[in-house]
Amino acid sequence: MKVAVGQFAVGKDWQANAQTCVGLMAQAASAGADMLVLPEALLARDDNDPDLSVKSAQAAKGEFLTMLLAEANKNALTTILTLHVRTTEGRAANTLFAVRGGEVIASYQKIHLYDAFSMQESRLVDAGAQIPPLIEVAGMQVGLLTCYDLRFPEMALSLALAGAEVLVLPAAWLRGAHKELHWATLLIARALDTTCYVVASGECGNRNIGQSKVVDPLGVTIAGAAEAPALFYAELESQRVADVRAMLPVLKNRRFMNPVLG
């Protein structure tokens, strides 16, 4: 599988952000990518208004997603991203969408809300209750995560035990003391926990670190970006997953019950 990772700084204007996504989709498809992973919460962002993304929430198939579905209808590229979707008055769900062929092929409402480091995502965002389904891309099984989910190994493990070979993670990882170290360490840890590839895309605005990465099943970073907007590629191979699992059979060697997420 050829995977593309796009990171950019989300702005205040949702139309401009949607056009950025459409442009990245077109570039990735032209380069022969099978999957594109974009950052978290792409509708709108304002350093002076941390609630703007929720205030800008749209319907599940609102104008933003409709623009992306129109682009997705042009090729076989699978694109992964998250948007805030309206739930009740003044509230939203942080929802991951996988789109391909002009359709939403899977969605996932973020389970672990970022109530940490003096932030409280749950103040305006409703948590999901179901782990996402696996999707198949270019013959590989892909599990879906969103940002803060990265800190919960049982979720990644649940996806790996269900058959995932690749974990994808749209994110908007906030800057802060030790946060870049946490990001890099946790991406490697989840790859080693699960012997999966981890493909993570980070928003790179003033408040967030960017630093998108692709980590292989043995914890080796095989591609990445710094703090600026970028689009980069990596090749993922089922055989690499199989080879790592043969030498490091942590999924088979486990002695605890399977994790259960309600």
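Which strands does H5 lie across, and at about what angle does H5 run to S10? Here are my notes, with that question taken up in point 2. Please keep in mind that this is a predicted model.

1. **The sheet from S6 to S11.** Six strands make up an open sheet with mixed pairing, and their order is S6-S7-S8-S9-S10-S11. Strand S6 (135-137) and strand S11 (221-224) are the edge strands, each pairing on one side only. From one strand to the next, the twist averages 25 degrees.

2. **H5 against that sheet.** To answer the opening question, H5 lies across S8, S9 and S10, and runs at about 30 degrees to S10. The helix spans residues 179-194, which makes 16 residues, and it reaches 22 Å from its first C-alpha to its last, close to the 22 Å expected at 1.5 Å a residue.

3. **The buried face of H5.** If you are colouring residues by burial, pick out Lys179, Trp183, Leu186, Leu187, Arg190, Ala191 and Thr194, which are buried in H5. Looking down the axis of H5, you will find its buried residues within an arc of 130 degrees, so they line one face of the helix. Their packing partners are helix H4 (153-161), strand S8 (166-171), strand S9 (197-202), strand S10 (213-215), helix H6 (238-247) and helix H7 (250-253). After H5 comes Thr195, with a positive phi near 50 degrees.

4. **S7 and its two partners.** Strand S7 (residues 140-144) pairs with S6 in the antiparallel sense over three bridges. You can trace this pairing through Val137, whose bridge partner in S7 is Met140, and through Glu136, whose partner there is Gln141. The two strands form a hairpin with two residues between them, and Ala138 in the turn has a positive phi of about 50 degrees. With S8, strand S7 pairs in the parallel sense, again over three bridges; here Val142 has Val166 of S8 as its bridge partner. Four of the five residues of S7 are buried, so the strand is largely enclosed by the rest of the structure.

5. **The sheet from S5 to S12.** This is an open sheet of six strands, ordered S5-S4-S3-S2-S1-S12, and its pairing is mixed. Its edge strands, each pairing on one side only, are strand S5 (103-109) and strand S12 (230-235). The twist averages 30 degrees from one strand to the next. Within the sheet, strand S1 (residues 2-7) and S2 pair in the parallel sense over three bridges, and Val5 stands opposite Val37 in S2. Helix H3 (residues 63-72) lies across strand S3 (78-86), strand S4 (92-100) and S5, running at about 10 degrees to S4.

6. **H1 and its ends.** Helix H1 covers residues 14-30, a total of 17 residues, and reaches 24 Å from its first C-alpha to its last, close to the 24 Å expected at 1.5 Å a residue. Its buried residues are Trp14, Asn17, Ala18, Cys21, Val22, Leu24, Met25 and Ala28. They cover an arc of only 165 degrees around the axis, which puts them on the same side of H1. These buried residues pack against S1, S2, H3, S3 and S12. At the N-terminal end, Asp13 caps the helix, with a side-chain oxygen 3.0 Å from the backbone nitrogen of Gln15. H1 is followed by Gly32, which has a positive phi near 85 degrees.

7. **Two aspartates in a loop.** Which aspartates would I look at in the loop between S2 and H2? Asp46 lies in the loop between strand S2 (35-37) and helix H2 (52-55), and Asp49 is found there as well. Asp46 has a relative accessible area of 16% and Asp49 has 19%, and buried means under 20%, so both count as buried. A polar atom of the Asp46 side chain lies 3.0 Å from the backbone nitrogen of Asn48. Leaving aside neighbours within four places in sequence, Asp46 is in contact with Lys12 and Leu52. Lys12 is also worth viewing alongside Asp49: the two are 37 residues apart in sequence and 9.7 Å apart in space, C-alpha to C-alpha.

Key:
Residues numbered from 1 in each chain as written. Predicted model: local features only at pLDDT ≥ 70, side-chain atom pairs only at ≥ 80, totals over all residues. Heavy atoms only, no water. Expected span 1.5 Å × (residues − 1). Buried < 20%, exposed > 50% of the residue type's maximum accessible area, 1.4 Å probe, protein only. Arc of directions from axis to C-beta. Contact = heavy atoms within 4.5 Å. Polar contact = N/O pair within 3.5 Å; in protein donor to acceptor, adjacent residues only side chain to side chain. Pairing = 2+ DSSP bridges. Axes fitted to C-alpha atoms, helices over the stretch in contact; angles between N-to-C directions.
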